[in-house]
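Open the model in your viewer and keep the selection tool at hand. This tour goes from one selection to the next.

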Amino acid sequence: MRLSEPDSSGEPGIDVVAQPPGKRLQNVLLLSGGEKAMTALALLIAIFRYQPSPFCILDEVDAPPSMRPNVHTLHQLVSEMSAGTQFIVVTHNRKTMEMASVLYGVTMQEPGVSKLVSGPLG
């Protein structure tokens, strides 16, 4: 994180820069979707390790195609941090759903008919 130049109001902002493996240091806005997701997760995890929170909501962090090779790492981190933090994960990723202890969702078993599903896994 870097302090950016003041804008028209005279207030400086914060630029987030990252250097994924094999790439040069650059603004996070120039990264792929998966690289952005991993950078955001790295920042979030660093903050949580410094100042834990009782809950965390992750929305489709495993969705970008370039995130697929890192989904296993995400699962490990969520599992490790679950001892002190309750995670709510919005996902379409089957592997991420399989790691959940409780699943809530909507399914369409027949065309046009939605059904709510929930319950413990295991």
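**Stop 1: helix α1 and its neighbours**

The buried residues of α1 pack against three elements: β3 (17-18), β5 (55-59) and α2 (71-81). Keep in mind that this is a predicted model.

Select residues 33-50 to see helix α1 itself. Which of its residues are buried? They are G34, E35, A37, T39, L41, I45 and F48. Colour them to mark the buried part of α1.

Now check the length of α1 between its end C-alpha atoms: they are 26 Å apart. That agrees with expectation, because 18 residues at 1.5 Å a residue should span 26 Å.

**Stop 2: the largest pocket**

Move on to the largest pocket, with a volume of about 700 Å³. Of its 22 lining residues, select V89, A100, V102, L103 and Y104, the closest to the centre.

Next, show the elements around the pocket. α2, β6 (86-90), α3 (94-98) and β7 (102-110) each supply at least two residues of the lining. Which element gives the most? β7 does, with six residues.

Colour the lining by residue type. You will find 13 nonpolar residues, nine polar and no charged.

**Stop 3: the β7-β8 hairpin**

Stay on β7 and add strand β8, residues 113-120. The two strands pair in the antiparallel sense, over seven bridges. They form a hairpin with two residues between them.

Zoom in on the turn and select G112, which has a positive phi of about 85°. Then pick E110: opposite stands V113 in β8.

Technical notes. Residues are numbered from 1 along each chain as its sequence is written. This is a predicted model: local features need pLDDT of at least 70, side-chain atom pairs count only at pLDDT 80 or more; totals for chains, interfaces and linings use all residues. Side-chain values use heavy atoms; hydrogens and water are left out. Helices (H or I, at least four residues) and strands (E, at least two) are DSSP runs, numbered from the N terminus. The expected span of a helix is 1.5 Å times one less than its number of residues. Buried means under 20% relative accessible area, exposed over 50%, partly exposed in between (1.4 Å probe, protein chains only). Contact means heavy atoms within 4.5 Å. On a 1 Å grid over the protein atoms alone, a cavity is a set of points where a 1.4 Å probe fits but cannot get out, and a pocket is an open set with protein on both sides within 12 Å along at least five of seven lines; lining residues have an atom within 4 Å of a point. Grid points are joined across faces, edges and corners, and a volume is the space filled by probe spheres set on the points. Ala, Val, Leu, Ile, Met, Phe, Trp, Tyr, Cys and Pro count as nonpolar, Asp, Glu, Lys and Arg as charged, and the others, Gly among them, as polar. Two strands pair if DSSP finds at least two bridges between them.
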